[in-house]
Each structure stands twice: as structure tokens, then as C-alpha cells.
Amino acid sequence: MAAHDNQLQAALKSRHVSMIAIGGIIGAGLFVGSSSSIAQVGPAVVMSYGLAGLVVLMVMRMMAEMAALRPGLGAFTELVREVLGPRAGFVCGWLYWYFWVIVVPIEAIAGAKILHIWIDAPVWAIGVALLGALTGVNLMSTRSYGEFEYWFSLMKVLAIVSFIAIAGVWAFGLTSPTGPTWSNLNAYGGFAPHGWGAVLAGTASVIFALTGAEIATVAAAESHEPARTIARITSSVAARIILFYVLSLLLIVAVMPWTSIVPGTSPFAIALGHMAIPHAEFVMNLVVLVAVLSCLNSGMYVTSRVLFVLADKGDAPAWLVAVNRRKVPARAILIASLFGYLALAASVISPELVFSFLVNASGALMLFIYFTVGVAQIVQRRRIEAQGRETLPIRMWLFPYLSYATLGAILSILVAMMFAPARRVELVSSLVTLGVAMGAAWWRNRRV
């Protein structure tokens with residue numbers, strides 16, 4: 001370890017960070033998880049995704065305003081520390097680390113289940129192999145992570161663009177034997193068969209599929225032009241959300257009856273099969289596998305960088321502030337990997353108790369973090385205005401109205417989770433995690 005020079009290398013290019021931002025919001029939640037949302041909401045699920053996308057977009061814009069002023073901090077949670085103080089930075093940093101360190105084993109298991117279709121080996125063994133392989137990728141160099149994520153994300157983008165093209169010509173009747181199929185949007189109980197209340201409730205479920213774009217602000221700190229890179233990625237988040245989520249889901253419920261979607265299966269595969277595309281299931285399994293590996297790769301990356309920054313601020317053991325010859329925080333990466341192996345073991349030994357609690361305890365954490373980011377942005381903006389400084393590279397739109405509206409929307413989603421039985425346990429478990437983090441922050445402050 002090179003203890004004398006604990007600086008991360010600016011090895012990522014703008015194309016890497018841009019694709020990392022895209023990859024962050026395209027995961028198994030879109031390719032598979034959207035089936036449950038379609039079944040619960042109907043064709044109006046596109047409204048749920050649109051509303052959730054607006055919330056995430058507003059958070060990203062607020063985050064970008066702060067990050068553009070301090071582009072080299074290494075983790076957006078440090079923006080919270082600078083504005084709201086060390087306790088808030090401690091809590092946000094550890095919550096964000098925990099969220100992503102739980103994503104790592106979840107994605108490893110998901111990828112293992114897909115590979116188990118073709119590989120005659122235990123799921124847990126395949127999961128261990130996947131986790132080990134992508135740990136190795138992250139240990140090699142930041143550039144290697146960026147290159148892997150670039151190609152993973154590019155494949156996901158190409159898959160979605162191809163699906164949109166295929167489904168689009170079908171929906172407009174160019175390839176459909178019965179002509180245009182847009183009538184499917186209203187033919188089975190109407191556009192919102194379960195009412196508009198279900199659309200709002202669906203927003204609480206789908207917003208978790210849209211988290212991940214903020215990884216790009218972490219990666220931007222290791223790019224050649226962090227401030228310019230942050231400006232570029234945030235300006236195109238809205239287009240990505242609309243194109244990759246809303247448009248693809250709109251076409252799914254347009255080309256076929258939404259009642260044909262089976263929760264837990266890929267609606268993309270079902271739609272491709274409905275359009276008689278050969279080998280649709282095989283192709284979608286490959287696409288989902290790529291999405292899972294991409295998320296696993298990014299999870300390993302972001303957990304290590306957040307832990308590295310926490311250690312640098314004295315909120316984690318000092319020996320984690322070390323990089324190897326390739327300027328990679330190897331110790332922080334190995335800690336994330338070790339936690340992933342332990343969680344994988346829990347998924348085998350105690351799937352319904354220990355592993356279930358670990359997963360549920362991370363369920364609402366991103367909403368807590370996003371809310372804190374929103375508060376920090378408002379506080380920082382007020383300070384800047386009070387000082388008479390107007391040189392902001394990036395500005396939150398319609399401040400302060402959209403900032404307050406975003407905070408209100410996040411609170412509304414949290415309240416909706418309390419009244420949704422399927423989400424209530426996640427909210428309560430996440431509140432326990434929040435309480436633990438706040439208690440640890442208080443204990444650390446007393447010891448300092």
C-alpha cells in the first residue's frame with residue numbers, strides 16, 4: 001500500500017461517467033421488477049414511473065448544484081457533511097454504504113440464478129464466483145471498472161433501443177397482423193383499471209428502480225474534468241428516464257394486454273414472445289444478466305469509494321485510507337467484498353430471517369438520503385444568496401419551489417409506504433437502520 005499518497009487517480013473519462021449514469025438507472029428493476037408494477041397499476045404504470053422519474057431528476061439536479069461547486073469531494077454524501085455538519089455526513093455516508101453493500105449480494109444471487117439455467121452448479125457457488133470476478137475487476141484499476149461498466153451499460157442501452165424499435169413498429173401496425181395495437185391501453189379495464197390511487201401507490205414502489213444515477217457524481221470525482229462532467233450527466237437524466245423507462249413500458253402495455261404480464265417474469269420477454277420474436281426468453285435472460293453484472297460492478301465501486309471517504313474524514317478506521325500502486329482503495333473494496341460474501345452465506349443459511357432483515361433494512365434508505373440532500377441544497381443555496389454570490393455553475397430549477405416540492409414528494413412516498421403492507425416492513429426496518437446510524441454518530445461525537 002502506498003500510505004504516503006492516498007489520492008485516487010483521475011482515470012475515468014467523460015464517456016465512462018456518462019455511461020455509468022445511464023447504467024445506474026437501468027437494472028433488473030426495469031427488465032424484471034416492472035412486471036409487478038404493471039400487474040398492480042395497469043397501463044397507467046407509465047404515470048407512476050414518470051412521477052418517480054421526476055422526483056429522482058429533481059434530486060439529481062439539487063445534487064448537481066452542490067457537486068458543481070465542490071466536484072472533487074469523492075462522494076456526494078460529503079456535500080451533506082459540508083452543509084449540515086459532520087453528524088449528517090456520518091449518517092448519510094454510512095447509510096449509502098449500507099444500501100449499496102446490500103445490493104452487491106442481491107445482484108450476485110440474481111446473476112447466479114440466471115447462470116444456473118445454463119451452468120450445473122449450486123446458485124451460491126455461482127454467486128461467489130461472480131462476486132469474486134467483479135471484485136477482481138475493481139481491484140485492477142479505476143479505469144478497468146470504468147471500461148467494464150461502459151460496455152455493460154452500452155449493451156443495456158442497445159437492448160432497450162432495439163426493443164423500443166421492434167415494439168414501436170408493432171404498436172403502429174407496421175408488423176402487427178391486426179394493425180395498430182394502441183387500443184390495448186384502454187381495452188382491459190381502462191388506462192387506470194385500479195384507479196389513480198394505485199398510480200400514486202405505484203410511485204412508492206417504482207422509485208427504487210430509478211435510484212442509482214447518483215453513482216455518476218461519485219465517479220465524476222475520478223474523472224479528468226469533474227465539474228464539466230457533472231453538468232453533462234445531469235442535463236440528460238430526464239431524457240434517459242423518459243426514453244428507457246416510460247417509453248419502453250408504454251410500448252409493452254401497448255403491444256399486448258397488460259393482463260398477460262405475470263409478476264416476477266420479464267415483461268420485455270413476454271412482449272417479445274407476443275410479437276413472435278425468436279429466442280426472446282434467451283435474449284432477455286442475457287440482457288438481465290448484463291444488467292445484474294453492471295449493478296454488481298457499480299455496487300462494488302461505489303461502496304469502496306464511500307468507505308474510503310468516510311475513513312478519510314475519521315468516520316471509519318484510518319487504515320482504510322490507503323490506495324495501492326494503481327491508486328485503487330483496495331482495502332475498502334475487500335471490505336465490501338467480504339460483507340458481500342457474508343450476506344451470500346446468510347442467504348443460504350437463513351434466507352427468511354437474517355438475509356431478509358438485511359434486505360428490508362436497506363429498503364427506504366435512499367429516500368432518507370435523497371431527503372437529506374434536498375435539505376442540504378436548500379440550506380446551501382440560502383447561504384450563497386445571503387452572501388450575495390451568484391456564480392453557480394448549475395442551478396436548481398425554479399428554486400425554492402421545486403426543491404420544497406421534491407421534499408414534499410419524498411415525504412409523501414414514505415407515508416405511502418407506511419400504508420402499503422408490502423412496503424411497511426421495509427420502512428420500519430430502514431428506520432431501525434437510520435436509528436442505529438444516528439446513535440453511532442452521537443456516540444462518535446461524544447468520543448471526539
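Is Thr406 buried or exposed? At 4% relative accessibility, Thr406 counts as buried, and the cut-off for that word is under 20%. Keep in mind that everything in these views comes from a predicted model.

**View 1. Thr406 and its surroundings in helix 17.** Thr406 belongs to helix 17, which covers residues 401-418. A polar atom of the Thr406 side chain sits 2.7 Å from the backbone oxygen of Leu402. Looking past the neighbours within four places in sequence, you'll find Thr406 in contact with Val55, Met58, Val59, Met62 and Met396.

**View 2. The loop that leads into helix 17.** Two residues to look for here are Leu398 and Pro400, both placed in the loop between helix 16 and helix 17. Leu398 isn't a glycine, yet it has a positive phi of about 45°. Leu398 is also exposed, because its relative accessible area is 61% and the exposed class starts over 50%. A little further along, the peptide bond from Phe399 to Pro400 is cis, and its omega is near 5°.

**View 3. Where helix 17 meets helix 18.** Helix 18 takes in residues 421-447, and its axis comes within 6 Å of the axis of helix 17, with a crossing angle of roughly 115°. That makes the two helices roughly perpendicular. On the helix 17 side, the contact is made by Leu414, Met417 and Met418. Helix 18 answers with Arg423, Arg424, Glu426 and Leu427.

**View 4. The nonpolar core and Tyr96.** The largest nonpolar core has 150 residues, and Ile26, Phe31 and Tyr96 are the ones with the most contacts inside it. Helix 13 (residues 280-312) gives the largest share of this core, with 20 residues. Zoom in on Tyr96 and, leaving out neighbours within four places in sequence, its contacts are Phe76, Thr77, Glu214, Ile215, Val302, Val306, Met366 and Ile369.

**View 5. Helix 13 from end to end.** How many of the 33 residues of helix 13 are buried? The count is 28, so this helix is largely enclosed by the rest of the structure. From its first C-alpha to its last, helix 13 reaches 48 Å, close to the 48 Å expected at 1.5 Å a residue. Just after the helix comes Gly314, with a positive phi of about 85°. In the loop between helix 13 and helix 14 (330-349) you'll also meet Lys327. Lys327 has a positive phi of about 60° even though it is not a glycine.

**View 6. Leu134 beside Leu293, Leu296 and Asn297.** Leu134 sits in helix 6, residues 123-140. With a relative accessible area of 5%, Leu134 is buried. Setting aside neighbours within four places in sequence, Leu134 is in contact with Leu293, Leu296 and Asn297. If you want a sense of scale, try Ala254: it is 120 residues from Leu134 along the chain, and their C-alpha atoms are separated by 38 Å.

**View 7. Ser37 in helix 2.** Which residues does Ser37 touch, apart from its neighbours within four places in sequence? They are Gly42, Val45, Tyr49 and Val206. Ser37 itself is part of helix 2, which spans residues 28-41. Its relative accessible area is 8%, so Ser37 is buried.

How values were computed:
Residues numbered from 1 in each chain as written. Predicted model: local features only at pLDDT ≥ 70, side-chain atom pairs only at ≥ 80, totals over all residues. Heavy atoms only, no water. Core = buried A, V, L, I, M, F, W, Y, C linked by side-chain atoms within 4.5 Å. Buried < 20%, exposed > 50% of the residue type's maximum accessible area, 1.4 Å probe, protein only. Helix = DSSP H or I, 4+ residues; strand = E, 2+ residues; numbered from the N terminus. Contact = heavy atoms within 4.5 Å. Polar contact = N/O pair within 3.5 Å; in protein donor to acceptor, adjacent residues only side chain to side chain. Expected span 1.5 Å × (residues − 1). Axes fitted to C-alpha atoms, helices over the stretch in contact; angles between N-to-C directions. Parallel < 35°, antiparallel > 145°, perpendicular 65-115°, else oblique.
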